[in-house]
Structure formats: C-alpha cells, structure tokens
Amino acid sequence: MDFFHTSTTNLLKAEANAGVSHHVALSVVGTERLQESGYFRAKQAQEELIKASGIPWSIVHATQFFEFMKGIAESATEGDTVRLAPVKIRPVHSDDVAATVGRTAVGTPVRGVVEVAGPDTFQLDELIRRGLAAKNDPRTVLADPHAPISAPSWRRPRCFPARTRASAKRVSAIGSLSSSRGTVLGLSFHASWNDRPFSVRSRASTVLAGRLSSARPRNGS
C-alpha cells in the first residue's frame with residue numbers, strides 16, 4: 001500500500017507542476033471486487049488518487065496475461081500436482097495490452113476505465129494442462145473447486161467488445177513525461193519474455209470500452 005500511495009502521490013504532484021494533460025495507468029480487471037487482497041486494495045487506492053487528482057486521466061484494466069500462466073502453474077504446484085480452480089478465464093497477450101495502453105495514451109482522456117481482454121474463453125485448469133503438456137511437463141493438473149483464485153481474469157466484464165490488432169511495439173515506461181503538457185504513463189510495464197510456455201494465444205484481443213465510470217471531458221478539457 002505504501003509503495004502505490006507514495007509513488008502515485010509523487011508522480012501526480014510532478015505532473016501538476018509540469019502541466020501534464022493526461023495521466024494513463026495500467027491496472028487489473030476486477031480490482032474493485034478483490035478487496036480482500038492487500039495488493040488489490042493498494043491498486044484501488046492508486047486509482048482513487050488518480051481520479052481525485054484533477055488531472056485528466058484514463059485507466060486501462062487488463063485481464064491476466066498469457067505470459068503469467070507459467071507462474072500460475074508454479075504457485076499452484078504441490079509436489080507433482082497442480083491444483084487449480086475450474087474457473088473461466090480470458091487471458092490476453094501483453095503485446096495487445098501494450099497496444100491498448102499506447103492508443104489510450106495518445107487519445108483523449110476518458111476519465112474512466114477501458115478494459116481489455118483476450119477474445120477466447122478458457123477454463124483455467126484446462127489451459128494450464130494444455131500448456132504443460134506442450135512442454136512435456138509431467139505434472140498432473142487437477143480441477144479443485146476449493147483451490148484459491150489468484151487473479152480476476154475469469155469474469156467477463158459487461159461491456160461492448162471491439163477488435164484490436166496486436167502491436168509489434170512494446171510500452172516500457174515509469175511515469176515518464178512525453179512533453180511539458182503531454183501524457184504520463186503511470187505504470188511500470190515491459191512485455192518481453194522469451195520463455196513463453198503456451199502457444200494458444202490469439203492474434204487479437206477485445207477492447208471493452210463501454211465501462212466508463214464518468215463522462216468524457218467536454219471540449220478537450
């Protein structure tokens with residue numbers, strides 16, 4: 001909590017002094033529904049600071065990355081068994097998230113949330129099972145309804161989907177000012193990971209742009 005509060009407060013103060021006209025933050029779909037988690041309470045606090053700052057803003061919410069599937073499998077492993085809740089998940093490739101963040105950053109501040117998710121729905125245990133089999137990993141994957149759920153990736157947001165193309169370029173920024181009155185990317189993000197264990201990624205993701213928490217700004221204000 002201290003990290004997100006301090007870093008966001010310092011960044012917003014610097015933006016106000018520099019006359020920044022658009023703050024963009026990357027967060028997670030379902031943050032507001034997972035407040036039993038300290039991490040998501042901190043992310044929610046970060047979003048509230050951004051909304052209250054007076055600086056025009058946009059927040060991008062993404063579902064779980066395909067690149068994180070390996071870590072999910074590792075964290076759910078006990079001996080030679082991987083126990084996962086049989087929940088639905090719409091993972092997204094980080095290239096597509098980077099493209100969405102980039103488009104949002106150069107666009108008009110929405111003063112709301114844009115959500116991005118993969119176009120395909122998987123059952124989490126089945127997806128991990130396929131990935132491990134593709135890597136000749138001998139671990140057994142069990143669907144366990146009592147297994148802890150670690151990410152808000154399975155609940156499809158009630159939004160209006162539109163197709164987006166993957167971008168070859170990646171975003172890598174930490175609160176960098178693009179100009180004296182430009183856009184600040186309030187995130188630390190890099191989409192490069194060479195050891196991708198899953199080959200089931202889709203070429204396009206779904207941008208869910210209907211869930212805005214407040215109205216669009218008037219006349220570019």
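Here is a short tour of some salt bridges and two residues in this structure, which is a predicted model.

**Salt bridges**

Let's start with the charged side chains. Searching the whole structure turns up 6 salt bridges. Three of them are set out below, with the distance between the N and O atoms.

| Pair | N to O distance |
|---|---|
| R33 and E32 | 3.3 Å |
| R139 and E74 | 3.3 Å |
| E78 and R83 | 3.9 Å |

Take R139 and E74, whose side chains meet in a salt bridge. This pair ties together distant parts of the chain, with the two positions 65 residues apart in numbering. R139 sits in the loop between α5 (124–134) and β8 (140–143), while E74 belongs to helix α3 (residues 69–75). What is R139 linked to in a network of salt bridges? Its partners there are E74 and D137.

How open are these two residues, buried or exposed? R139 has a relative accessible area of 16%, and because the cut-off for buried is under 20%, R139 is buried. E74 comes out as partly exposed, with a relative accessible area of 44%.

Now for the other two pairs. R33 has a relative accessibility of 34%, so R33 counts as partly exposed. Its partner E32 is partly exposed too, with a relative accessible area of 30%. In the pair of E78 and R83, E78 has 54% relative accessibility; exposed means over 50%, so E78 counts as exposed. R83, on the other hand, is partly exposed, with a relative accessible area of 34%.

**Q123 and what it touches**

Next up is Q123, which you'll find in strand β7 (residues 122–123). Is Q123 buried or exposed? Q123 has 19% relative accessibility, and since buried means under 20%, Q123 counts as buried. Its side chain is joined to the side chain of D125 by a polar contact of 2.9 Å. Which residues does Q123 contact once you set aside neighbours within four places in sequence? They are P86, V87, K88 and I89.

**V92, tucked into a loop**

Last, have a look at V92. Where does V92 lie? You'll spot V92 in the loop between β5 (88–89) and α4 (94–106). Its relative accessibility is 0%, so V92 counts as buried. Try picking out T63 as well: T63 and V92 are 29 residues apart along the chain, but their C-alpha atoms are separated by 6.3 Å.

Terms used: Residues numbered from 1 in each chain as written. Predicted model: local features only at pLDDT ≥ 70, side-chain atom pairs only at ≥ 80, totals over all residues. Heavy atoms only, no water. Helix = DSSP H or I, 4+ residues; strand = E, 2+ residues; numbered from the N terminus. Buried < 20%, exposed > 50% of the residue type's maximum accessible area, 1.4 Å probe, protein only. Salt bridge = Lys/Arg side-chain N within 4 Å of Asp/Glu carboxyl O. Polar contact = N/O pair within 3.5 Å; in protein donor to acceptor, adjacent residues only side chain to side chain. Contact = heavy atoms within 4.5 Å.
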